[in-house]
Amino acid sequence: GTLDAQQVVLDFESAASSRNFQYFGSSLEPKTTRVLPNPKKAGINTSANAMEFIKTADAQTWAGAFSTPDLATPIDLTKAGAQLCIKVLSRHVGNIALKLEAPSTGGANWIQTVKVEKANEWVEVCLDPSLPSLEDPKKPGTGFSYGRLVIFMDFGVNGPSVADTTFLDDVIVKAGAAPTTV
């Protein structure tokens, strides 16, 4: 079959398809993330560049980083069945939370977490925006477009004993599958 349509939000391969993310909730505030050469061109991610994300030992459980300026390509969750996906290269099994802010159409901010189940290899994790947000007003993100992305590694977990570096790449929205004709 054909691949589902997808919207590339960030791939970190050019200035136009990249964003800096400003850290908050740790001693890195107000520094920003960096785009670096992909440290492990293998498996599902052989692209040239990826974003480095650092969680420091002094990080709050809610420490993260937000896209600044807002995204050039808003995250469009208006199509039925849309999923928000990101590739993660982590040194340990853990979780990532993605929060969507600056809705263009009157929606509420939306946040969900997903497990990162493999260490030391690129994995793609996808979040289902039809789930209710973990934060009030606990509404789904489906049906809205969002201009700002906030990333949290090991959301709800204290900072590690030694600063931990994760690499992130390819923020995409995968559209729902086309209806099947019988």
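Begin by selecting strand β1 (residues 6–10) together with strand β12 in this predicted model. The two strands run antiparallel and are joined by 4 bridges. To see one position in this pairing, select Q6, which stands opposite K174 of β12.

**Strand β12 and its partners**

Keep β12 on display and colour its residues 164–174. The strand is mostly covered, since 10 of its 11 residues count as buried. Next, add strand β4 (residues 49–55), which pairs with β12 in the antiparallel sense over 5 bridges. Within this pairing, E52 has F167 of β12 as its bridge partner. Then add β7, another antiparallel partner, which is joined to β12 by 6 bridges. Here the residue of β12 to select is I172, the bridge partner of C85. While the strands are on display, one general point may help in viewing them: side chains in a regular strand alternate between the two faces of the sheet.

**The disulfide**

Stay with C85 and show its side chain. To which residue is C85 joined by a disulfide? The partner is C126, and the two sulfur atoms lie 2.0 Å apart. A search of the whole structure finds 1 disulfide. The torsion about the S-S bond of C85 and C126 is about 110°, so this disulfide is right-handed. It links distant parts of the chain, for C85 belongs to strand β7 and C126 to strand β10 (residues 123–127), 41 residues apart. The two ends can also be viewed in terms of their accessibility. C85 is buried, with a relative accessible area of 0%, whereas C126 is partly exposed, at 28%.

**Along strand β7**

Move along β7 (residues 83–89) to L89. Is L89 buried or exposed? Its relative accessibility is 9%, so L89 counts as buried. Now select the residues that L89 touches, leaving out those up to four places away in sequence: P39, K40, N120, E121, W122, T166 and F167. One of these, P39, is 50 residues from L89 along the chain, and the C-alpha atoms of the two are separated by 9.0 Å.

Select V88 next. Beyond its neighbours within four places in sequence, V88 is in contact with I96, V116, E121, W122, V123, V125, M153, T166, F167 and L168.

**The nonpolar cores**

V88 leads to the next selection. In soluble globular proteins, nonpolar side chains tend to be buried together. The largest nonpolar core here has 32 residues. Those with the most contacts inside this core are I75, I86, V88, I96, L149, I151 and L168. Which strand gives the most to this core? Strand β11 (residues 145–153) does, with 4 residues. Apart from this core lies another, of 5 residues, and F24, I111, V150 and F152 are among them.

**The aromatic rings**

Select F24, W62, F66, F152 and F155, which form one aromatic cluster. How many aromatic pairs does the structure hold? There are 5. In the pair of F24 and F66, the ring centres are 6.3 Å apart and the planes stand at 35°, so the pair is tilted. F24 lies in strand β2 (residues 20–24) and F66 in strand β5 (residues 64–68), so this pair ties together parts that are 42 residues apart in sequence. F24 counts as buried at 18% relative accessibility, while F66 is partly exposed at 25%.

Then centre the view on F152 and F155, an aromatic pair that is also tilted, with 4.8 Å from centre to centre and 55° between the planes. F152 is buried, with a relative accessible area of 5%. F155, at 22%, counts as partly exposed.

**The whole chain**

Finally, return to the full view. The chain has 12 strands and 0 helices. Its radius of gyration is 16 Å, close to the 16 Å that the globule rule gives for 182 residues, so the chain is as compact as a globular protein of that length. Along the principal axes, the C-alpha atoms fill a box of roughly 55 × 40 × 30 Å. Colouring by accessibility brings out the buried residues, which make up 44% of the 182 in the chain. Among contacts in the chain with a separation of 6 or more, 73% are between residues 24 or more positions apart.

Conventions
Residues are numbered from 1 along each chain as its sequence is written. This is a predicted model: local features need pLDDT of at least 70, side-chain atom pairs count only at pLDDT 80 or more; totals for chains, interfaces and linings use all residues. Side-chain values use heavy atoms; hydrogens and water are left out. Rings of Phe, Tyr and Trp (its six-membered ring) pair if their centres lie within 6.5 Å; planes under 30 degrees apart count as stacked, over 60 as edge-to-face and the rest as tilted. Buried means under 20% relative accessible area, exposed over 50%, partly exposed in between (1.4 Å probe, protein chains only). Contact means heavy atoms within 4.5 Å. A disulfide is a pair of cysteine sulfur atoms within 2.5 Å. Two strands pair if DSSP finds at least two bridges between them. A nonpolar core is a set of buried Ala, Val, Leu, Ile, Met, Phe, Trp, Tyr and Cys residues joined through side-chain atoms within 4.5 Å. The radius of gyration is taken over C-alpha atoms; the globule rule is 2.2 Å times the number of residues to the power 0.38.
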